[in-house]
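Colleague: Got a minute to walk me through this one? I'd like to start with the packing and then move on to the sheets.

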Amino acid sequence: MREGNNTAILDIVLFALAIATVRFRYTLVSAYALNLKPCTRLYRAFLFVIMSDSKHMQLAFSLAEKAAGKTSPNPAVGAVLVKHGQVIAKGYTHPAGEQHAEVDALLKAGDAAQGCTMYVTLEPCAHYGRTPPCTKAIVEAGVAEVHYAIGDPNPKVNGRGRKYLEDHGVKVFADASVAQGYAQNRAFFHYVTTGQPYVFAKYAMTLDGKIATVTGESKWITGGAAREHGHRLRNQSDAILVGVETVIADDPQLTTRLSDAHEAVKHPLRIVLDSTLRIPLTARVIDPALPGKTLIITTNQSLVQKRQQLKRENVDVLVLGANAAGQIDLKLLLDALGQRDITSLMVEGGAQVLGSFVAAGYVQEIWTFIAPKLVGGVAAKTPVGGNGIAQLQQALQFEIKETKQFGADLWVRSERKV
């Protein structure tokens, strides 16, 4: 009898801790850790609370995915309003200047938001930007409790959202799902903490690591399904970058092309690195009929006359400083793009351009498409050019985060190890 009473008492203590603290509420630090049998009603209630919280937060994450790539320079956020265990309203971030996820959900809920619990994937903002602060709208709507997945490192927020809510009587449960929250908005977090876009390197290669044959033929290394996925990744990027050698050799358009006619298409800013402006005036990437915009990055080594020609064709030309080798200084480039609110940059090549980004340590993530083909040839190009490294210990370390099959081809997503 005494043992049963002790078990009940410890279960009650555990449950109280679970409700009182954030991490117990979202992490199964269960009675098993205390060698107890979770048989009490209280413990089952504890599990119900955890499962409900997790379910609603996962719904918020799925809503945020709808906004992926469409909200820059703002993060993609999802929000869910819940009352008595029932979802009252859902929202996600709209393009910059329009409502944030929290306000989107509150507008849909109306008066029903009073007394609700909100689950949101990022700490609500507490500052005036293009829109008023979300924290003010949350308080005015009478929301009783807010759970957010991860704090916002933006210096304008960074804990201020939580403080404002708590100061106005709203219960706040912070850092509910830090890893997932960071993963979903990793480009935004990098941007607000460095002032530079998050760099994705993307390439397609054969099993023997070739991006073209010895004659330079590269269309196509991968099949249609893999190329379609490449365009979906492009559809979520703020900008796409190639070197002038790629423009001269392949004459790409660098637009987004999706097979689903009902899916909204985003054409990222097209960027061409061309230190001496060798780009042909007939290049398709600067065709004024193309949707979206093109930006040519050059240096003072280029002719002023050519710059003026391009500007007359409504092509934006930006002159930046060069490094010791006469190439465009990548730090200046990334700083300039950050100032233009570019939060994510897809670098597609060619090999020399990728080599430059890798050598400078500016690649945060790699998207590799691998085709089950062998082409051979010492002279056939590999994805990353440049001088390379002398010793393996100098290699940049990445961690494979995701793999997926597209037709016969394999896609591998790798993130830089910090």
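Colleague: Which residues have the most contacts inside the largest nonpolar core?

Modeller: This is a predicted model, and in it the largest nonpolar core has 30 residues. Those with the most contacts inside that core are Leu241, Ile271, Leu273, Ile297, Leu333, Leu345 and Phe357.

Colleague: Which elements give two or more residues to this core?

Modeller: A mix of strands and helices: strand 6, strand 7 (239-243), strand 8 (269-273), strand 9 (294-298), helix 12 (330-339), strand 11 and helix 13 (351-360). Helix 12 supplies the largest share, 5 residues.

Colleague: Ok, zoom in on Leu241. What does Leu241 touch, leaving out residues up to four places away in sequence?

Modeller: Quite a list. Leu241 touches Ile271, Leu273, Leu333, Leu345, Met346, Val347, Glu348, Gly349, Val353 and Phe357.

Colleague: And what about another core, apart from that one?

Modeller: There is another core, of 26 residues, lying apart from the largest one. Its members include Val77, Ala113, Leu122 and Phe188.

Colleague: Phe188 makes me think of rings. How many aromatic pairs are there?

Modeller: The structure holds 4 aromatic pairs. Phe188 and Phe189 form one of them, a tilted pair with 5.8 Å centre to centre and 55° between the planes.

Colleague: Are those two rings' residues, Phe188 and Phe189, buried or exposed?

Modeller: Phe188 has a relative accessible area of 6%, so it counts as buried. Phe189 is buried as well, because its relative accessibility is 5%. The cut-off for buried is under 20%.

Colleague: Which residues do ring pairs link into a cluster?

Modeller: Tyr182, Phe188 and Phe189.

Colleague: Switching to sheets. What is the strand order in the open sheet of 5 strands?

Modeller: The order is 2-1-3-4-5, and the pairing is mixed. From one strand to the next, the twist averages 15°.

Colleague: Which strands stand at the edges?

Modeller: Strand 2 (86-92) and strand 5. Each has a single partner strand, so one side of each has no neighbour in the sheet.

Colleague: Let's stay with strand 4. How many bridges join strand 3 to strand 4?

Modeller: Strand 3 (residues 117-120) and strand 4 run parallel and are joined by 4 bridges. Val120 has Tyr148 in strand 4 as its bridge partner. Strand 4 is also joined to strand 5 (residues 171-173), again in parallel, by 3 bridges. There, Val146 stands opposite Val172, and Glu145 has Lys171 as its bridge partner.

Colleague: How does the chain cross from strand 4 to strand 5?

Modeller: Through helix 6 (residues 160-167), in a right-handed β-α-β crossover. Strand 3, helix 5 (residues 134-141) and strand 4 also make a right-handed β-α-β unit.

Colleague: Which way do the side chains of strand 4 point?

Modeller: In strand 4 (residues 145-148), Glu145 and His147 point one way, while Val146 and Tyr148 point the other way. All of them are buried, on either face.

Colleague: Where does helix 4 lie?

Modeller: Helix 4 (residues 101-109) lies across strand 1 (78-83), strand 2 and strand 3, and runs at about 135° to strand 2. Its buried residues are Ala101, Glu102, Asp104, Ala105, Leu106 and Ala109. They pack against strand 1, strand 2, strand 3 and helix 5.

Colleague: What follows helix 4?

Modeller: Gly110, with a positive phi near 65°.

Colleague: Back to strand 6, since you listed it for the largest core. How many of its residues are buried?

Modeller: 8 of the 9 residues in strand 6 (residues 198-206) are buried, so "mostly covered" is the right wording.

Colleague: Which strands does strand 6 pair with?

Modeller: Strand 6 pairs in the parallel sense with strand 11 (residues 344-349) over 4 bridges. Strand 6 also pairs in the parallel sense with strand 12 (residues 365-371), over 7 bridges. On the strand 11 side, Tyr198 stands opposite Ser344. On the strand 12 side, Ala201 has Ile366 as its bridge partner.

Colleague: Last one, the big picture. How many helices and strands are there in the protein chain?

Modeller: 13 helices and 14 strands. Of the 418 residues in the chain, 48% are buried. Among contacts with a separation of 6 or more, 70% are between residues 24 or more positions apart.

Notes. Residues are numbered from 1 along each chain as its sequence is written. This is a predicted model: local features need pLDDT of at least 70, side-chain atom pairs count only at pLDDT 80 or more; totals for chains, interfaces and linings use all residues. Side-chain values use heavy atoms; hydrogens and water are left out. Buried means under 20% relative accessible area, exposed over 50%, partly exposed in between (1.4 Å probe, protein chains only). Two strands pair if DSSP finds at least two bridges between them. A crossover is right-handed if, with the strands pointing away from the viewer, the path from the first strand over the helix to the second runs clockwise. A nonpolar core is a set of buried Ala, Val, Leu, Ile, Met, Phe, Trp, Tyr and Cys residues joined through side-chain atoms within 4.5 Å. Contact means heavy atoms within 4.5 Å. Rings of Phe, Tyr and Trp (its six-membered ring) pair if their centres lie within 6.5 Å; planes under 30 degrees apart count as stacked, over 60 as edge-to-face and the rest as tilted. Axes are lines fitted to C-alpha atoms, for helices over the stretch in contact, and angles run from 0 to 180 degrees between N-to-C directions.
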